[in-house]
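Ready for some practice in reading a protein structure? Take a look at the sequence and the model, then work through the exercises below.

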Amino acid sequence: MGERRRRRSSGSKCLPIGQLLEGDCLERLREIPSESIDLVFADPPYNLQLDRELLRPNNTIVDGVDDAWDKFQSFADYDTFSRAWLAEARRVLKPNGAIWVIGSYHNIFRLGTALQDLGFWLQNDVIWRKVNPMPNFRGKRFTNAHETLIWAGRDRHSRVTFNYDALKAGNDDVQMRSDWLYPICSGPERLKDDGGRKAHPTQKPEALLHRILIGTTNPGEIVLDPFFGTGTTGAVAERLGRRWIGIERERDYVLAAKERIGKEESLSTAALETLRPRRAEPRVGFGAIVELGMIRPGARVCDQRGRIWAEVRADGSLAQPGPRGVIRQGSIHRLGAEVQGKSACNGWTFWHYESDGRRRPIDALREEARLRLGLVGDRPAALAAE
């Protein structure tokens, strides 16, 4: 595992790829070069302000978050700390980089204000609704059954990665919503210390990080977690072929994270491929389809039901006799809209051609055209216009 990580690091100067940096997050963040990180995922201290033990109705103690790293003297101290690490996180992000921050009602609103004040551009807030939240033992408020995540670009001009089509395909072809349903980390996934207690009180479920990394990064990109804990971000990143850097100051967490990630193996390259959005495919104009002889001039195309017909012209336009014998002519999109009395039309899916006795949308010809033209990377300028 160590050798594999060293090989990955060789292509990124001064970046500790695949390493867990032990120490204070601010000090270690300052060591990261500017504009070098694709995504930051941060699960910072929540500042829960717990001042006494929380008891169950049977007087047993709830194993909550009472560690020293979660305690601050005041809201002002917490805000100073938050703005300092967020400023460093913004510095290390690439121009099109993004950040995810997770928190509870104790801190997420303060973090949201800091993000906007520092120049981040909010994309979404996401609600993680817990299937199995901790009960409210004292019965004096609603059961706290969710946490909030904020997703933000480095600035308002950032073109952040969003794999919309991949998320939709994995959601049974339904758009991915901003409310996510997952259980809290439990069972075999929950790390335990030598005494059988939770190794970390706020360990996040791997499913949560899986969706974030699939949806907002691409294989090979660099993910930084400045509050690494027991290494959930690193473990999921390792599995999904993303490169990672972790920062953690607590020695017990460092040891647990290293042991955990050392057991991970990356998926195969093929398994890591996400569904490419149609807009990312090299564009091929209908004229190229005609030039390649895939549909010849003079051929007829029609709507799906065969009620509306048009003739293919040599220049890649379509023509149809109109009222009083006037010829209507235009692109596949413009004529498609005109014959339907609409302002716009996707001609690729509206017009069909006949093959083997079946009607198929002309869109089916584009992939074959890309293969013939060798469009596997940047598209030639001559084919950029549809």
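## Exercise 1: Aromatic pairs

There are nine aromatic pairs in this structure, which is a predicted model.

**Task.** Classify the pair formed by phenylalanine 228 and tryptophan 244, and work out why it ties together separate parts of the chain.

**Solution.**
- Step 1. The two ring centres are 5.3 Å apart, and the planes make 15 degrees. Planes under 30 degrees apart count as stacked, and the pair is indeed stacked.
- Step 2. Next, place the residues: phenylalanine 228 sits in the loop between β7 and α7 (232-239), while tryptophan 244 belongs to strand β8 (residues 243-248), so the pair connects parts 16 residues apart in sequence.
- Step 3. Finally, check the surroundings: phenylalanine 228 and tryptophan 244 are both buried.

**Task.** Now classify the pair of phenylalanine 350 and tryptophan 351.

**Solution.**
- Step 1. Here the centres lie 4.8 Å apart and the planes stand at 80 degrees, so this pair is edge-to-face.
- Step 2. Buried means under 20% relative accessible area. Phenylalanine 350 has 13% and is buried; tryptophan 351, with 0%, is buried as well.

**Task.** Which residues do ring pairs link into a cluster?

**Solution.** The cluster consists of Trp100, Trp151, Phe162, Tyr164 and Trp180.

## Exercise 2: One helix, one face

**Task.** Find out where the buried residues of α3 lie around its axis.

**Solution.**
- Step 1. Start with the helix: α3 covers residues 75-92, and its 18 residues reach 26 Å from the first C-alpha to the last, close to the expected 26 Å.
- Step 2. List its buried residues: Tyr78, Phe81, Ser82, Trp85, Leu86, Glu88, Ala89 and Val92.
- Step 3. Viewed down the axis of α3, these buried residues fall within an arc of 160 degrees, so they line one face of the helix. A general rule helps here: an α-helix has 3.6 residues a turn, so residues three or four places apart point the same way.
- Step 4. Ask what that face meets: the buried residues of α3 pack against α2, β2, β3, α4 and β7.

## Exercise 3: The sheet

**Task.** Which strands stand at the edges of the open sheet?

**Solution.**
- Step 1. Write down the order of the eight strands: β1-β8-β7-β2-β3-β5-β4-β6, with mixed pairing.
- Step 2. β1 (19-22) and β6 (179-182) are at the edges with a single partner strand each, so one side of each has no neighbour in the sheet.
- Step 3. For a look inside the sheet, take β3 and β5: six bridges join these antiparallel strands, and isoleucine 102 stands opposite leucine 149 in β5.

Terms used: Residues numbered from 1 in each chain as written. Predicted model: local features only at pLDDT ≥ 70, side-chain atom pairs only at ≥ 80, totals over all residues. Heavy atoms only, no water. Helix = DSSP H or I, 4+ residues; strand = E, 2+ residues; numbered from the N terminus. Expected span 1.5 Å × (residues − 1). Buried < 20%, exposed > 50% of the residue type's maximum accessible area, 1.4 Å probe, protein only. Arc of directions from axis to C-beta. Contact = heavy atoms within 4.5 Å. Pairing = 2+ DSSP bridges. Phe/Tyr/Trp six-rings, centres within 6.5 Å; stacked < 30°, edge-to-face > 60°.
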